[in-house]
Amino acid sequence: MEFTPTQALSMHIKDFAAQTGLSTDTLRYYEKEGLLQPARDGNGYRNYGARDVDWITFILRLKAMGVSLARIKEYARLRHQGDSTIPARYAILAAHQAVLAARRQELEAHQAFLAQKLAHYRVLMTQDETP
């Protein structure tokens, strides 16, 4: 998901939802769960800015990588506490990097298994074709 800075300067929830591809219900849920903390204007309306765009992009990337909502909430809580939590946030990301590396190895093993099975079937199919 790519956003341009001019699109993200100041948006109410409906515009932010359209910009991010998330529903307003999802954005409100994320706020309720402590993942988003949008500013409020004088009338109490949510007002999303460039930092919110960057943050929601990061959240969506974490979700795409398979990070659990509980872990994302923990990361968000730490982020909101400030820079003193950088080591803890680093640890969360490093742990998930290790999970992804293990998953990659597992997928590579599956790929190798399938390659062998497909090669076996190719041999069998060419044997069937010879008179």
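## Chain architecture and the H3–H4 packing

Read along the sequence, the protein chain of this predicted model follows the pattern α-α-β-β-α-α-α, and its secondary structure comes to 5 helices and 2 strands. The radius of gyration of the protein chain is 22 Å, whereas the globule rule gives 14 Å for 131 residues, a value that is well exceeded, so the chain is more spread out than a compact globule. Along its principal axes, the C-alpha trace of the protein chain spans about 85 × 35 × 25 Å. Of the 131 residues of the protein chain, 26% count as buried, and among contacts between residues at least 6 apart in sequence, 50% join residues at least 24 apart.

One helix pair can be described in detail. Helix H3, residues 50-64, packs with helix H4, residues 69-81, at an angle of about 150 degrees, and their axes lie 11 Å apart. Because angles over 145 degrees count as roughly antiparallel, H3 and H4 are therefore roughly antiparallel to each other. H3 passes H4 in a right-handed crossing. The residues that make the contact are listed by helix below.

| Helix | Residues making the contact |
|---|---|
| H3 | Arg51, Trp55, Phe58, Ile59, Leu62 and Lys63 |
| H4 | Ile72, Tyr75, Ala76 and Arg79 |

By class, the contact of H3 with H4 has 7 nonpolar and 3 charged residues, with no polar residues.

Conventions:
Residues are numbered from 1 along each chain as its sequence is written. This is a predicted model: local features need pLDDT of at least 70, side-chain atom pairs count only at pLDDT 80 or more; totals for chains, interfaces and linings use all residues. Side-chain values use heavy atoms; hydrogens and water are left out. Axes are lines fitted to C-alpha atoms, for helices over the stretch in contact, and angles run from 0 to 180 degrees between N-to-C directions. Helices (H or I, at least four residues) and strands (E, at least two) are DSSP runs, numbered from the N terminus. Angles under 35 degrees count as roughly parallel, over 145 as roughly antiparallel, 65 to 115 as roughly perpendicular and the rest as oblique. A crossing is left-handed if the near helix is turned anticlockwise from the far one by less than a right angle, and right-handed if clockwise. Contact means heavy atoms within 4.5 Å. Ala, Val, Leu, Ile, Met, Phe, Trp, Tyr, Cys and Pro count as nonpolar, Asp, Glu, Lys and Arg as charged, and the others, Gly among them, as polar. The radius of gyration is taken over C-alpha atoms; the globule rule is 2.2 Å times the number of residues to the power 0.38. Buried means under 20% relative accessible area, exposed over 50%, partly exposed in between (1.4 Å probe, protein chains only).
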